[in-house]
Amino acid sequence: MDNCSVCKSTSLSRLEDEVLLSYKNTDIPITIKYSTCDSCHREFISTSQILENDAVARNAKKSHDGLMTAVEIKSAREKIGITQEEASLIFGGGRNAFSKYERSEVSQSLSMDNLIKICLKYPGILKELASQKGVSIKDMSLVSEDNVIPYETFKAANQAKYESHPIDSPEEIIYG
Ligand SMILES: [Zn+2]
């Protein structure tokens with residue numbers, strides 16, 4: 001529980017402010033959190049808010065660099081249908097890597113980011129990596145970026161008309 005470091009009051013107002021984060025010659029607007037003490041009116045950033053602000057800044061930098069944010073990593077992992085431990089086994093980075101990425105405690109490397117994106121796009125590579133580490137991938141049909149149907153599934157569903165009828169959207173393959 002946060003309290004005022006001067007008067008120890010736990011009656012705090014939690015506020016937000018937009019600031020500019022200078023990163024690689026760019027000013028990125030981010031929202032940071034801070035508190036004011038309702039008793040002595042001192043303004044401060046609590047330990048938990050420092051951690052949250054750090055995470056916000058880290059995600060802003062990652063976005064700027066074209067890396068997946070913490071939320072995007074989590075959603076990629078859930079799309080694949082594996083636990084954080086399994087993801088660390090398959091992709092590397094150490095036992096707690098994905099737990100740290102998803103809490104935005106550390107940033108994944110560019111090569112890690114690339115590997116995850118490649119695996120989302122090409123389930124065959126993911127399957128190969130997973131089987132090397134003894135991890136089973138449950139439903140491969142879920143594994144594809146932006147819900148693009150993997151080529152094999154696409155072709156199988158359209159065997160007769162594949163050559164002559166280009167498909168405009170993945171929905172047509174399923175419902176059409
Ligand atoms: Zn106070």
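**Close-up views of a predicted model**

**View 1. The whole chain, read from start to end.** Along the sequence, the protein follows the pattern β-β-β-α-α-α-α-α-α-α-α. That comes to eight helices and three strands, where helices (H or I, at least four residues) and strands (E, at least two) are DSSP runs numbered from the N terminus. This is a predicted model, so to speak of local features a pLDDT of at least 70 is needed, side-chain atom pairs count only at pLDDT 80 or more, and totals for chains, interfaces and linings use all residues. Residues are numbered from 1 along each chain as its sequence is written.

**View 2. The hairpin of β1 and β2.** Here β1 (residues 12–23) runs antiparallel to β2 (residues 26–37), and the two pair over 12 bridges; strands pair if DSSP finds at least two bridges between them. Look for Leu20, whose bridge partner in β2 is Pro29. Two residues lie between the strands, and Lys24 takes a positive phi near 50°.

**View 3. The hairpin of β2 and β3.** Now follow β2 into β3 (residues 43–44), its antiparallel partner over two bridges. One pair to find is Thr36 with Glu43, its bridge partner in β3. Five residues separate the strands of this hairpin, and His41 in the turn has a positive phi of about 65°.

**View 4. Burial and contacts.** Of the 176 residues in the protein, 16% are buried, meaning that 20 or more other C-beta atoms, placed from the backbone, lie within 10 Å of the residue's own. Among contacts (C-beta atoms, placed from the backbone, within 7 Å) between residues at least 6 apart in sequence, 49% join residues at least 24 apart.

Definitions and conventions:
Buried ≥ 20, exposed ≤ 12 C-beta atoms within 10 Å, placed from the backbone. Contact = placed C-beta atoms within 7 Å.
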